Amino acid sequence: MRAAAAPARLVLADGSVFEGEAAGWQPPNGIATGEVVFNTVLAGYQEVITDPSYAGQIVSFTYPHIGNYGVAPEDDESRRPFCRGVIVRDLARRPSSWRAAETLEEFLFRHRVPVLTGVDTRRLTRHIRDAGSMPGAFGTADETALKAAAVEEPGTDGIDLVATVTTTTPYRYGDGPLQVVAYDFGIKRNILRHLGRIATVDVVPATTPAAAVLAEGPDGVFLSNGPGDPSAVEGAGAAIGGLLGAVPIFGICLGHQLLAAALGASTYKLKFGHHGGNHPVRRLATGGVEITSQNHNFAVANGTVADADVTHINLNDDVVEGFRCRNLPAFGVQYHPEAGPGPHDARYLFDEFRRLMEDCG
């Protein structure tokens with residue numbers, strides 16, 4: 001499948017150019033566009049690429065050697081990758097793992113995800129860190145065409161990307177003793193594995209109204225992760241507002257932001273987001289530090305969540321990483337307690353959700 005490498009380049013909206021080579025599938029016009037972000041994981045590239053939270057984005061990996069253990073079907077976090085493209089320093093040609101069913105390049109080719117390899121990702125990461133995440137275009141087209149495409153790319157602000165990743169029909173997962181309705185804003189399979197241990201989970205589309213959920217009489221409602229701008233997710237605020245106080249709620253990542261917004265909080269876009277598996281978060285109740293997996297560009301503004309206490313803080317930049325309502329059975333965290341990839345320091349949060357549902361039962 002691998003032909004002679006064709007010269008290619010990434011051009012950011014600010015005019016910065018990064019040279020590399022095209023790999024795998026490439027768009028017919030030689031141009032792939034999206035918001036360029038970097039992820040710092042050392043392993044777990046397949047889980048990152050198949051995380052629906054990357055819809056609308058091009059993922060650049062800071063770790064230089066990507067694809068070295070190939071791809072295994074059981075590691076997919078969703079039905080397909082939703083990212084717009086992948087950028088790496090060195091794309092491994094031959095995986096070294098007994099679990100590998102195909103190479104990463106073959107996987108991306110099959111799913112029509114373009115790849116740019118041979119890039120100085122260290123330089124790219126430092127540029128995004130200084131200038132912020134921004135739209136970009138990469139491929140084999142000429143530099144002028146790539147620059148025009150980068151400038152025209154809208155990025156993720158103000159766009160309902162959840163509509164592009166949510167399930168279209170409800171489905172059931174797990175057989176735990178409790179009953180949970182999970183809103184699919186871009187849910188990951190590893191989340192369902194954890195929820196399925198404590199509950200029978202009915203996964204519903206993002207546009208499902210509160211009345212339809214309450215009619216099922218669930219013990220709790222879970223608000224999943226997902227891509228993009230929380231202020232642009234159509235119908236989510238009204239649905240969550242109709243659930244508050246009627247049923248215990250647990251939100252993570254985008255679900256955390258949407259829960260906060262339903263409580264009157266403000267959200268804002270971070271300069272370059274949190275994308276990686278090694279973010280230190282302090283749990284204020286104990287003073288302990290959790291190393292967490294994160295993937296988000298937006299955050300909840302501190303001090304804007306009414307009648308709630310901040311429970312977790314990011315030690316890198318003091319971003320709010322969790323809150324709990326004082327008078328309602330609801331809480332949320334900004335990071336991914338299910339990991340996939342990442343450490344398992346925060347798995348206890350699923351048990352906290354279970355205890356909250358049992359206490360309210």
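Is Glu74 buried, exposed or partly exposed, and at what relative accessibility? In this predicted model, Glu74 has a relative accessibility of 47%, and because the class of exposed residues begins over 50%, Glu74 counts as partly exposed. Glu74 forms a salt bridge with Arg99, in which the closest N and O atoms are 3.3 Å apart. The two residues belong to distant parts of the chain, with Glu74 in the loop between strand E5 (65-66) and strand E6 (85-87), and Arg99, 25 residues apart from it, in the loop between strand E7 (90-91) and helix H2 (104-110). Arg99 is likewise partly exposed, its relative accessible area being 29%.

The structure as a whole holds 15 salt bridges, and among them is one in which the side chains of Glu35 and Lys269 meet at 2.4 Å, N to O. Because Glu35 lies in strand E3 (residues 32-39) and Lys269 in strand E15 (residues 267-283), this pair ties together parts that are 234 residues apart in sequence. Glu35 counts as buried, at 2% relative accessibility, whereas Lys269, at 28%, counts as partly exposed.

A further salt bridge is formed between Asp202 and Arg172, whose closest N and O atoms are 2.8 Å apart. Asp202 is part of strand E12 (residues 199-205) and Arg172 part of strand E10 (residues 171-173), so that parts 30 residues apart in sequence are tied together by the pair. Here Asp202 counts as buried at 14% relative accessibility, while Arg172 is exposed, with a relative accessible area of 57%. Elsewhere, salt bridges that share partners join Arg197, Asp351, Arg354 and Glu358 into one network.

These pairs are set within a fold whose secondary structure comes to 9 helices and 19 strands. The radius of gyration is 20 Å, close to the 21 Å given by the globule rule for 361 residues, and the protein is therefore as compact as a globular protein of that length. The C-alpha trace spans about 60 × 40 × 40 Å along its principal axes. Of the 361 residues, 58% count as buried, and among contacts between residues at least 6 apart in sequence, 74% join residues at least 24 apart.

With respect to the surface, the protein exposes about 14100 Å², of which carbon and sulfur atoms supply 49%. The charged side chains comprise 30 positive and 41 negative ones, and the centres of these two sets lie 5 Å apart.

How values were computed. Residues are numbered from 1 along each chain as its sequence is written. This is a predicted model: local features need pLDDT of at least 70, side-chain atom pairs count only at pLDDT 80 or more; totals for chains, interfaces and linings use all residues. Side-chain values use heavy atoms; hydrogens and water are left out. A salt bridge is a side-chain nitrogen of Lys or Arg within 4 Å of a carboxyl oxygen of Asp or Glu. Helices (H or I, at least four residues) and strands (E, at least two) are DSSP runs, numbered from the N terminus. Buried means under 20% relative accessible area, exposed over 50%, partly exposed in between (1.4 Å probe, protein chains only). The radius of gyration is taken over C-alpha atoms; the globule rule is 2.2 Å times the number of residues to the power 0.38. Contact means heavy atoms within 4.5 Å. Accessible areas come from the Shrake-Rupley method with a 1.4 Å probe; for residues, only the protein chains shown count as cover. Lys and Arg count as positive and Asp and Glu as negative; His and the chain ends are not counted. The place of a charge is taken as NZ of Lys, CZ of Arg, CG of Asp or CD of Glu.
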